[in-house]
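Please report on the fold, one helix pair and a few single residues of this protein. Keep it brief.

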Amino acid sequence: MICTSKQSVIRPATNGSDRSFCRKNPPGKQRSLFLPSTKAQKNPKTIISVSKPLHISSIETLAIVKPLKKSLITCKAYEADRSQPIESNEIKAEAARRVKIGIYFATWWALNVVFNIYNKKVLNAFPYPWLTSTLSLACGSLMMLVSWASRMTEAPKTDLEFWKTLFPVAVAHTIGHVAATVSMSKVAVSFTHIIKSGEPAFSVLVSRFLLGETFPLAVYLSLLPIIGGCALAAVTELNFNMTGFMGAMISNLAFVFRNIFSKKGMKGKSVSGMNYYACLSMLSLFILTPFAIAVEGPQMWAEGWQAAISQIGPNFIWWVAAQSVFYHLYNQVSYMSLDEISPLTFSIGNTMKRISVIVSSIIIFRTPVQPVNALGAAIAILGTFLYSQAKQ
């Protein structure tokens, strides 16, 4: 049906979601509007009055000479206002996490440097490493018992199975701790830590030949600078001592087994890093005490203590207390950081810790270092860093 309007031209206009035909003054001639035919209309020339807008609910069947253009404005639902705060919160959370890890690392390194300084001072005046190691474990155990009793820290929920799996870890930890203390009582702190930077070599060798694990070629190649650097540093050490050297080597081997036993025995255990190390210290103290009495004994301790007090004065007591407290704190922070970072990041942090200890001990104790000796230390530490990257 063809509808014509003699007085106005009908044009589509948008009103909300409907289409309406509004009146527009004609330029002088008639225009046709094609509408679909309906059976109800009999007069083919019916004129539509458009004194008011004609609203049509749908125009899908409406045929117009000039096709209607699609609306340029599209309204769609989106979550821009909501997604922006979420993304911003994630960025803030990641930044806060990095700051937290940075604080952990800085605290870990600082506490370790302070411990090594006071530990060396104590051992210079009181050369009894077995008692010194025992006091370090005893102080940490006492601190954690007080924190549990005062509810400053929630006590861990353990059972007999937990302590059985922890026992081999504690044995290896005890051996490594005593061996490192014996080493520092005989040689410079810097030399002990240079040799201890070779721990990755022991880790790969033990894992390969005893556990049957395989590693990429890059891991094996990274051991070359570690072994070569440690050997160069040992040969050129001015105050070389075989007992000190062997103590550092035994410490490396013991700590490798400690890590292996810890990974195997602690899978699925829900004990935090801080409480885990507290339990480890208590069990190690239980293991170490009878051996310390047997090797050195109270009579030697009494004589050495009197000599140290007469030589140093009351400050010696402060040195013993400081080395014991800082030993526990730096280990506790290192175990807490393991809850927040990956083993690779922890390995890199441990390498940087050794650098800070070596440099600070050389400066404070004025340790004479030859250029070749320093070169060996640098090569060994570089190899440790390459090893951590190759294992990624």
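The report below runs from the whole chain to a helix pair and then to single residues.

This is a predicted model, in which local features need pLDDT of at least 70, side-chain atom pairs count only at pLDDT 80 or more, and totals for chains, interfaces and linings use all residues. Residues are numbered from 1 along each chain as its sequence is written, and side-chain values use heavy atoms, with hydrogens and water left out.

**Overall**

The protein has twelve helices and five strands. Both are DSSP runs numbered from the N terminus: helices are H or I with at least four residues, strands are E with at least two. Of its 392 residues, 42% count as buried. Buried means under 20% relative accessible area, exposed means over 50%, and partly exposed lies in between (1.4 Å probe, protein chains only). The protein exposes about 22800 Å², an area from the Shrake-Rupley method with a 1.4 Å probe. Carbon and sulfur atoms supply 63% of that surface. Contact means heavy atoms within 4.5 Å. Among contacts between residues at least 6 apart in sequence, 85% join residues at least 24 apart.

**Helices H8 and H10**

Two packed helices are described by the angle between their axes and the distance between the axes. The axes of H8 (residues 273–295) and H10 (residues 315–338) come within 8 Å and cross at roughly 135 degrees. Axes are lines fitted to C-alpha atoms, for helices over the stretch in contact, and angles run from 0 to 180 degrees between N-to-C directions. H8 and H10 are therefore oblique to each other. Angles under 35 degrees count as roughly parallel, over 145 as roughly antiparallel, 65 to 115 as roughly perpendicular and the rest as oblique.

On the H8 side, the contact residues include Tyr 276, Tyr 277 and Leu 280; on the H10 side, they include Tyr 327, Tyr 335 and Met 336. The residues of this contact divide into seven nonpolar, five polar and no charged.

**A buried asparagine**

Asn 252 lies in helix H7 (residues 242–265). At 0% relative accessibility, Asn 252 counts as buried. Leaving out residues up to four places away in sequence, Asn 252 touches Ile 195, Lys 196, Gly 198, Glu 199 and Phe 202.

**Two loop arginines**

Most residues other than glycine have a negative phi. Two arginines with positive phi are listed here.

| Residue | Phi | Loop between | Relative accessibility |
|---|---|---|---|
| Arg 151 | near 60 degrees | H2 (129–149) and H3 (160–186) | 75%, exposed |
| Arg 366 | about 55 degrees | H11 (343–365) and H12 (371–390) | 74%, exposed |

Notes: Ala, Val, Leu, Ile, Met, Phe, Trp, Tyr, Cys and Pro count as nonpolar, Asp, Glu, Lys and Arg as charged, and the others, Gly among them, as polar.
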